[in-house]
Amino acid sequence: LEEYAQTNHLSFEEIKTPHGPGIEFDMEQLVRLIVTSYGLTDIAGTKGGVELGWTLDGAKITKRAGHICCGFKLVDRRAIDPFTGSPMFLATDANLSVKVQS
């Protein structure tokens, strides 16, 4: 993870919290990297913007330990696969529904 972040100029910092160690990313850099990688830079500057899905989850693992995780995923139908150059989401029926998870 650290090597990939350094290669892609993605800043992160190891932090200490009252609950233990953590990693904090520069969210602006992270979102810009994702938007650029999936060919949405020009769209991001328009009135409608780019669609992202956000999630937050946590769990208590033991009496004194737990975790909190936050993430986001790209859900914009205009995204282009950075490896193949093909559209990420292809509609398969008339109502344009797309299966994105197996």
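Contact, in all these views, means heavy atoms within 4.5 Å. The model is predicted, so local features need pLDDT of at least 70 and side-chain atom pairs count only at pLDDT 80 or more, while totals for chains, interfaces and linings use all residues. Residues are numbered from 1 along each chain as its sequence is written, and side-chain values use heavy atoms, with hydrogens and water left out.

**View 1. The whole chain, to get your bearings.** The protein chain holds 3 helices and 4 strands; helices (H or I, at least four residues) and strands (E, at least two) are DSSP runs, numbered from the N terminus. Follow the sequence and you will meet the pattern α-β-β-α-α-β-β. Of the 102 residues in the chain, 14% are buried, where buried means under 20% relative accessible area, exposed over 50%, and partly exposed in between (1.4 Å probe, protein chains only). Look also at how the chain folds back on itself: among contacts between residues at least 6 apart in sequence, 25% join residues at least 24 apart.

**View 2. Helix H2 from its start to the glycine that follows.** At the start of H2, a side-chain oxygen of Asp26 comes within 3.1 Å of the backbone nitrogen of Glu28. Further in, the buried residues of H2 are Leu30, Leu33 and Val35. Their cover includes helix H3 (41-44) and E4. After H2 comes Gly39, with a positive phi near 70°.

**View 3. The largest nonpolar core.** A nonpolar core is a set of buried Ala, Val, Leu, Ile, Met, Phe, Trp, Tyr and Cys residues joined through side-chain atoms within 4.5 Å. Here the largest one has 5 residues: Val35, Leu40, Leu74, Ala79 and Phe89. Val35 may be familiar from the previous view, as one of the buried residues of H2. Now centre on Leu74 and set aside residues up to four places away in sequence: Leu74 touches Tyr38, Leu40, Val50, Glu51, Leu52, Ala79 and Phe89.

**View 4. Asp76, an acidic side chain tucked out of reach.** Asp76 sits in the segment after E4. With a relative accessible area of 1%, Asp76 is buried. A polar atom of the Asp76 side chain lies 3.0 Å from the backbone nitrogen of Glu51. Beyond its neighbours within four places in sequence, Asp76 is in contact with Leu40, Gly49, Val50, Glu51 and Phe89. Two of these names, Leu40 and Phe89, also belong to the largest nonpolar core.

**View 5. Glu24 on strand E2.** Glu24 belongs to strand E2 and counts as partly exposed, at 45% relative accessibility. Find Glu13 as well: Glu13 and Glu24 are 11 residues apart in sequence, with their C-alpha atoms 5.2 Å apart in space. Leaving out neighbours within four places in sequence, the contacts of Glu24 are Ser11, Phe12, Glu13 and Ile15.

**View 6. Met88 in the segment after E4.** Met88 is found in the segment after E4, where Met88 is partly exposed, with a relative accessible area of 33%. Its C-alpha atom is separated by 7.2 Å from that of Arg77, 11 residues away along the chain. Neighbours within four places in sequence aside, Met88 is in contact with Tyr38, Ala79, Ile80 and Asp81. Tyr38 and Ala79 should look familiar, since Leu74 touches them too.

Terms used
A polar contact is a pair of N or O atoms within 3.5 Å; within protein, one must be able to donate a hydrogen and the other to accept it, and residues adjacent in sequence count only if both atoms are side-chain atoms.
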